[in-house]
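Morning, everyone. I'd like to walk you through one chain, starting from its core. Here it is.

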Amino acid sequence: MFHSEGAPGQYEVVTDPLPSLEAADALAHTWEAIYNIASKHGMRATFAPRLYADSSTSLGRTFTSPSTLTTHESRFLAGLMTHLPSIMAFTLPIPQSYARVKDGIWNVGMLGRRAQVSVRLTNAYSPPTRRFEVRTVDGTANPYLLLAGLISAGMIGPRDQLELTVEGCGDRSGAQLNETERAEKGISKMLPLDVKSARQYLLEDQKIGELIGEEVVRKYAAVNKASPPPAYGRRH
């Protein structure tokens, strides 16, 4: 399914819900199909996170689908929120990715109900359609690494019996709350605002390294640091 979006020439493409590995495969195939079909017609498709300073940005929303918000699932979300700054090195892998994760920009934030959030619970009162939606993802990410990061972060929650202490921000993003309001909602850590900071969070996160593999983390960070920004539209 696809439909037009808010920016000039911008479209949203939706793939079916699938198990993680199959979902990553489907996304990779979808990207290649879009590139090739556009090229066939003399056009260039891009998954750049931000092309225009005065219009909405582009992201790669990623969903998990809990049927009930049990203690186990709440702890999964707690793990994801705790380790989100670290796995952003996977989900937002290039310098240009951070042009859209700034305070007050559409599609950004911390935890709440509107589009200016990093993670949100959609359709909270409708179990058949309830989803965790992760918005700190864009089309330059490697789908296999980003899902490995998201799943690893979530798994830490039930394993370590983490409690979900971060509350939703309601109609505002975390950036729109004052310091006291953020403290009351359990918001104590700012997300990285550049890829260098995200790499450092990843390298320092021993629990993510334990699950994904410390060697994988080190090599990924080294390659990410050494790689020039790719041409817009191609994956990192």
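When I say two residues touch, I mean a contact, with heavy atoms within 4.5 Å. Keep in mind that this is a predicted model.

Start at Leu80. Which residues does Leu80 touch, leaving out those up to four places away in sequence? They are Ile87, Val119, Val134, Leu150, Ala153 and Gly154.

Now widen the view. Leu80 belongs to the largest nonpolar core, which has 31 residues. Within that core, Leu80 and Ile87 touch the most other members. Which elements give two or more residues to this core? One is a strand, S6 (131-134). The others are helices: H2 (71-91), H3 (143-160), H5 (195-204), H6 (206-212) and H7 (214-226). Helix H2 gives the most, with nine residues.

There is another core, apart from this one. It has five residues, and Trp31, Tyr35, Ala38 and Phe47 are among them.

Next, the layout of the chain. We have seven helices and six strands. Along the sequence, the pattern reads β-β-α-β-α-β-β-β-α-α-α-α-α. So much for the order of elements.

How do the contacts spread along the sequence? Take those between residues at least 6 apart. Of these, 67% join residues at least 24 apart.

Last, burial and surface. The chain has 236 residues, and 42% of them are buried. Its accessible surface comes to about 12,800 Å². Carbon and sulfur atoms account for 54% of that surface.

To finish, please turn back to Leu80 and Ile87, the two that touch the most other members of the largest nonpolar core. Over to you.

Notes: Residues are numbered from 1 along each chain as its sequence is written. This is a predicted model: local features need pLDDT of at least 70, side-chain atom pairs count only at pLDDT 80 or more; totals for chains, interfaces and linings use all residues. Side-chain values use heavy atoms; hydrogens and water are left out. A nonpolar core is a set of buried Ala, Val, Leu, Ile, Met, Phe, Trp, Tyr and Cys residues joined through side-chain atoms within 4.5 Å. Buried means under 20% relative accessible area, exposed over 50%, partly exposed in between (1.4 Å probe, protein chains only). Helices (H or I, at least four residues) and strands (E, at least two) are DSSP runs, numbered from the N terminus. Accessible areas come from the Shrake-Rupley method with a 1.4 Å probe; for residues, only the protein chains shown count as cover.
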